[in-house]
Amino acid sequence: MNCRRAQAALSERMDGEHLSSRLAGAVDTHLARCSRCSAFVRDAERLRAAVRITPAMAVPDLVEPIMAAVAREAHARPAPERPRLAPVRTLRRPPPLLPRLGPAAAGLLAGAVVGSFLVGGPWHRPVGEAPIALADVTRGVVAAASGLDAYRARFSVVERNFDPRVRFRELTLNVWFRAPERFRMDVSDHTSYPSRDWTPNDLSLVVNRSRWSLDGPTACPAGIHSCPEARTVVLNRAPFSSATPVQTDLMVPFGTIAGGQRIRLLGQTRVLGRPAVELELPFQRATPLFPFLRVGGQWRPFFAADRVVLSLDAATWFPLRFEVFPSPSEARDQWELRFGLPDEASDEPVLTVDALEVATRVPPAGTFAIPATGHAQDEAAHPVALDELPKGFAGPDQLDGLDAYRAARTHVAERAGAEQTVVTYAQGLTWVKVAETHDWERNEPYGSVDRHAEEVEVPGGGVAYYEPASEDLGRRLAIHTEEGELYVETNLSRERLLEIVAALGVEAAPLPEAWRVRKAGDGVAVRVSLEEALGEVDFPILLPADGLPAGYVLASIEVVRLGRQSGLNAYFSQRDTELGAQPIRLHLEAAGELSPAPAAKQSAVEVRGREGRWIPDRSQLEWIEDGVYVSLDAEGIPLEELLLVAVSLAPAGVQQEGTP
Amino acid sequence: MQDPDPRTLARARDGDPGAFEDLVRLYQADVYRFACYLTRDRTLAEDITQEAFLRAFRFLGTFRGESRFSSWLLRITRNCGMDALRARQRGMEDRHTVPAPAADPTVRAELDHALGSVTDEHREPFLLIEVLGLSYQEAADILQLKVGTVKSRMHRARIALSRALIDEEETGEL
């Protein structure tokens, strides 16, 4: 060991890098004998002290000037151009990929689609004239998802207002799937751009078990149209990795539809000559349907409240058409200005995806090939043979009707050295992931489950902690047991998840006491039951009786203590899916008056016969009621809905809990 | 440095000014501190902070989560800092005057001088890792270097800065 190497290693160790035990030993032996290296460490530590003992730098509050500059920028963007005759494109609706068809030709196209459907199978719904309910759609879609082993489809995509110079873009979307984890999605751009410098939006995403790849133009600043192509490859991908997922909703939208919140059944119709059901939902709730917008390339922006109309084949539940319509609101008009978009009419779709061909045909060999390249990222999931699994919670072959598929050993996030075993089960598009670890040291639920998660009873005994599906993760449970920590995640329903956990036969214990406590600012918050909370705070506890938005349930309660002051937080979360709507937090504490205004933008609102305050940037409604400060906040929930929650608040009594 | 709530980030990307304001509140101190140390000029650092957030707003639609959001933002800050320093240098050449940089009074003078006496190549990784507490990977993302390069520059920065600090203190004691 020479001084240069020793000092390099010492420098790394100071920065928290882990040295192998061999290197650490050699460095320490060298350090003990070397005065130069000892001096290096001493000086480096003095330097660190000099930096860290320096009083914290006073930081000016620049929020106002920054936001003013941002607002100026938004307004200064060139006003949308009025339509004028462009040399390249017509400004009306463009010729679609397939020429607009007359009735006879349309029949032929419908025939082509019908011809390529291989209908039947356990999910097949006989198509009749009987009225259909949203619950029928949900059930049908879930059944279709479990039964889908192979899929092949081609869609046309038309996007409006990508750029003032490119009013319409025409693309083709090709999708291939082979259960459980082979997926490919190619976007080919057929748009005529103003010049050759514009990079076409050609994308290719391939998932093939432990490998993943994405080819497409790299992100480049707005206004620049020549973006270099890039290729990303991920190796040692974890089974059903949430970082590199299979985009299942494009084939059968069961993630989007499960739970049914904020989805409206418009009725039965015919699309492309096939009987179809038409559903309507907000864009933010429909993002899983549009994976191509998220994975890469350049796309126009969409407004969260835009209206998505989705037509599903009434027999197979495959999406036949989905369109995004601008929402008619003032907020959207402002948003259009900000993004330099023209005034978009609410009855003209800004994105239309139409099925041209759908089949349950096995894709040809080679479709999912991912060539090895020099620049690969490593997801570091090391495969474990299913018959070599350590004895644990997960069963060997089958779990509640799903077949054992793939297992891996991975690191527990953010903890070097700690390992977890992940075993996955699959059927069609559906999957279950069971992870366990014996290395968990944090005082909070294991896995991607928040400490405010809802406590649910596991059939067969015990309690576990539940979170609804989000954009990136499935429905999931953290389970604490005497032997170790368990995490179960699935894209199946909440009920199926609980059945699956029951099938694992674990003895689920409540969270240990230490896990119920967290630091909250200068105070301490402790998770308690409603009954405990009633005994601990000296103000009446108000809870919403029936005013919660659809799908919300009380997830958890915590008592917050700061000196002799105490307060209470109650968290309400979605039962099934939290796409586009966040948990609601209710905060109560004894107080005589509202604190001074925390934000510039606020308005006075009448709440329960008192004057309250609405702070839109925080989605927070607050008021004082009989000596109690009450605050309700939830991102993404409009004032009207929070007011309904407020109106329904009523004092909670012990009799409310646990009794039928 | 903490990550923003992905929901806030998504809303900011969708053009929600409230969400973008949340990001400004969350990161303005780090951006300002980094700009301050880079330029050793508080007034300039304020301008850089504003410019960095404005550019972030402009290009937020292109942020795809390939690095952490904080790394992306500090990379923009660094670019703004470089632009500002270059502009100031040009200004000096044009006007042949040297505006006195308003040195930060809260930073120990010796450390300030020591930081001023080493090259950017050493100062930048040191600021990111030692002062802002970032990881090698984050510093590498911001400086667009390999992690190995950041490690070795950090090592050399420690040697150069220790030496400069000792020199400063010895001069100060005379």
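**Exercise 1. A ladder of strands around β23**

Find how many bridges join β23(A) to strand β25 of chain A, and in which sense the two strands run.

*Solution.* Start with the residue ranges: β25(A) covers residues 552-562. Between β23(A) and β25(A) there are 5 bridges, and the two strands run antiparallel. To place one rung of this ladder, look for V526(A), which stands opposite V559(A) in β25(A). Please keep in mind, here and below, that you are looking at a predicted model.

Now move to another partner of β23(A), whose residues are 523-528. Strand β22(A), residues 517-520, pairs with β23(A) in the antiparallel sense over 4 bridges. A handy rung to pick out is A520(A), whose bridge partner in β23(A) is G523(A). The hairpin of β22(A) and β23(A) has 2 residues between the strands. One of them, G521(A), takes a positive phi near 60 degrees.

**Exercise 2. Walking across a sheet**

In what order do the 12 strands of the open sheet in chain A follow one another, and which strands stand at the edges?

*Solution.* First, write down the order: β7-β8-β9-β10-β11-β1-β2-β3-β4-β5-β6-β12 in chain A. The sheet is open and its pairing is mixed. Next, look at the two ends of that list. β7 (264-271) and β12 (376-378) of chain A each have a single partner strand, so one side of each is left without a neighbour in the sheet. From one strand to the next, the twist averages 15 degrees.

Then check some of the pairings for yourself:

- β1 (150-163) and β2 (166-178) of chain A run antiparallel and are joined by 12 bridges; R160(A) stands opposite F168(A) in β2(A).
- β5 (211-217) and β6 (229-235) of chain A pair in the antiparallel sense over 6 bridges; the bridge partner of P217(A) in β6(A) is E229(A).
- β6(A) and β12(A) pair in the parallel sense over 3 bridges; here L235(A) stands opposite D378(A).

Finally, see what lies across the sheet's other end. Helix α6 (134-147) of chain A lies across β7, β8 (274-282) and β9 (307-313), running at about 105 degrees to β8(A).

**Exercise 3. Two helices that cross**

Describe how α1 and α2 of chain A meet, and sort the residues of their contact by character.

*Solution.* Begin with the geometry. The axes of α1 (3-14) and α2 (21-33) come within 10 Å and cross at roughly 115 degrees. The crossing is left-handed. Next, list the residues on each side. From α1(A) come C3(A), R5(A), A6(A), A9(A), L10(A) and R13(A). They meet L23(A), A24(A), V27(A), D28(A), H30(A) and L31(A) of α2(A). Sorting them gives 8 nonpolar, 1 polar and 3 charged residues.

**Exercise 4. A pair of cysteines**

Why do C37(A) and C34(A) not form a bond?

*Solution.* Compare the sulfur distance with the cut-off. A disulfide needs the two sulfur atoms within 2.5 Å. The sulfur of C37(A) is 3.7 Å from that of C34(A), its closest cysteine sulfur, so the two are too far apart for a bond. A search of the whole structure fits with this, finding 0 disulfides over all chains. As for its surroundings, C37(A) is buried, at 0% relative accessibility. Over in chain B, C36(B) is buried at 4%.

**Exercise 5. Loops with unusual backbones**

Are W317(A) and A380(A), two residues with positive phi, buried or partly exposed?

*Solution.* Take W317(A) first. W317(A) sits in the loop between β9 and β10 (319-325) of chain A. Its phi is about 70 degrees, although W317(A) is not a glycine. Buried means under 20% relative accessible area. W317(A) has 1%, so it is buried.

Turn next to A380(A), in the loop between β12 and β13 (382-384) of chain A. Phi is near 60 degrees here, again in a residue other than glycine. With 23% relative accessibility, A380(A) counts as partly exposed.

For a last backbone feature, go to the loop between β2 and β3 (182-189) of chain A, where P180(A) is placed. A cis peptide bond joins A179(A) and P180(A), with omega about -5 degrees.

**Exercise 6. Neighbours from afar in chain B**

With which residues is D141(B) in contact, leaving aside its neighbours within four places in sequence?

*Solution.* Locate D141(B) in helix α7 (136-143) of chain B. Its contacts are S67(B), S71(B) and R75(B). As a further check, take E66(B): 75 residues separate it from D141(B) in sequence, while the C-alpha atoms are 9.4 Å apart.

Methods:
Residues numbered from 1 in each chain as written. Chains lettered and ligands numbered in written order. Predicted model: local features only at pLDDT ≥ 70, side-chain atom pairs only at ≥ 80, totals over all residues. Heavy atoms only, no water. Pairing = 2+ DSSP bridges. Axes fitted to C-alpha atoms, helices over the stretch in contact; angles between N-to-C directions. Contact = heavy atoms within 4.5 Å. Left-handed = near helix turned anticlockwise from the far one by under 90°. Nonpolar A, V, L, I, M, F, W, Y, C, P; charged D, E, K, R; others polar. Buried < 20%, exposed > 50% of the residue type's maximum accessible area, 1.4 Å probe, protein only.
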